[in-house]
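Visitor: Please give me a close look at one part of this model, the surroundings of the ligand. I would like to follow the contacts outward from there.

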Amino acid sequence: MMRRHIVFLSGAGVSAESGLSTFRGKDGMWTNKEWVYLASTEALNNDTQRCLDFYNYRRKQLAEVSSNDAHRMIAELEKDFDVTIVTQNVDNLHERAGSTNVIHIHGELSKVCSMKDRTQCVKEYPLTTPIKIGDKGEDGAQIRPDIVMFGEKVDNIEEAVESISCADIFVIIGTSLKVYPAAGFTAFVPRKAKKYVIDPNEIRECTTLGYEHIKTNATEGMRLLTETLRKLQ
Ligand code: OAD
């Protein structure tokens, strides 16, 4: 039998139970206006040290947390399904849980790139090694975190859309869907696909689009979804 294609669109909520903050809502990172500024190209160019320190802090924090059961249950599905994860997350917790096909659209904290051109000198960089002013890539320019900052173009959109367009099952997990282009991805899901949302809060866009809402946190939601998918097999 052909393996079915399951696509996850994940956001900060899938990593919340690992101890990483989400962005919006009461304790979200973006309630700190200073951090919103530090995540912008304006800060990168004019306040480079502070911007690097903000990301060094987040990189170190990522080294100190682990994948949770939601990441692990998504990875487990590779045994029975053709799984693609389109993630807005800049952490590597899906990969550390064993997922092999992760499309990052907002970049990755575990990589650096050239400050002159984001597409150049991209390489893995140890999370616990702070990026300092004066650290240069092979092009002779300062290195920076390989992250999409406010003011920059999002990555891998064509690849994400291509994968979503041939989903048999589509799952939105832990994202408020407030940010484009991710918010627009639902338009590419085939009409015949089975669609689920795992999120403890209401995701307004999905109520009208035939999604089944598993209204709980990511780990419990993935347990319920895995049971449902087993019955579909
Ligand atoms: P948000 O903070 O906007 O949304 C997080 C979602 O996770 C909300 O819908 C919460 O209800 C849900 N949530 C919270 N705890 C959860 C849990 N334990 N289990 C499951 N869901 C939970 O984060 P994103 O949608 O990921 O971009 O934000 C998208 C982008 O906005 C981010 O990638 C970031 C930000 O600006 C960049 O930094 C480039």
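Guide: Let's begin with the classes: Ala, Val, Leu, Ile, Met, Phe, Trp, Tyr, Cys and Pro count as nonpolar, Asp, Glu, Lys and Arg as charged, and the others, Gly among them, as polar. On that basis the shell around the ligand holds 10 nonpolar, 10 polar and 3 charged residues. Please keep in mind that this is a predicted model, in which local features need pLDDT of at least 70 and side-chain atom pairs count only at pLDDT 80 or more, while totals for chains, interfaces and linings use all residues. Residues are numbered from 1 along each chain as its sequence is written, and side-chain values use heavy atoms, with hydrogens and water left out.

A residue belongs to the surroundings if one of its heavy atoms lies within 4 Å of the ligand. Of the 23 residues that do, the nearest are Arg24, Thr175, Ser176, Asp199 and Asn201. Now for some polar contacts, meaning pairs of N or O atoms within 3.5 Å (within protein, one must be able to donate a hydrogen and the other to accept it, and residues adjacent in sequence count only if both atoms are side-chain atoms). The backbone takes part through Ala12, with a polar atom 2.8 Å from a ligand oxygen, and through Gly13, with a backbone N or O atom 3.2 Å from a ligand nitrogen. Trp30 uses its side chain instead: a polar atom there is 2.8 Å from an oxygen of the ligand. As for cover, the ligand taken alone exposes 800 Å², and the protein buries 89% of that, by the Shrake-Rupley method with a 1.4 Å probe.

Trp30 is worth following further. For residues, buried means under 20% relative accessible area, exposed over 50%, and partly exposed in between (1.4 Å probe, protein chains only). Trp30, at 14%, is therefore buried. Its ring also has partners, where rings of Phe, Tyr and Trp (its six-membered ring) pair if their centres lie within 6.5 Å; planes under 30 degrees apart are stacked, over 60 edge-to-face and the rest tilted. The count by this rule is 6 aromatic pairs. In one of them, Phe23 and Trp30 have ring centres 4.9 Å apart and planes at 40°, so the pair is tilted. Phe23 is partly exposed, because its relative accessibility is 22%.

Trp30 also pairs with Phe150, again tilted, at 5.4 Å centre to centre and 55° between the planes. This pair joins distant parts of the chain, 120 residues apart: Trp30 sits in the loop between helix 1 (13-16) and helix 2 (33-38), and Phe150 in the loop between strand 6 (143-147) and helix 7 (157-165). Helices (H or I, at least four residues) and strands (E, at least two) are DSSP runs, numbered from the N terminus. Phe150 itself is partly exposed, with a relative accessible area of 39%.

Another loop deserves a glance, the one between strand 7 (169-173) and strand 8 (194-198), where Pro181 is placed. A cis peptide bond, with omega about 5°, joins Tyr180 to this proline. Leu177 is found in the loop between strand 7 and strand 8 too; its phi is positive, about 55°, although it is not a glycine. With a relative accessible area of 2%, Leu177 is buried.
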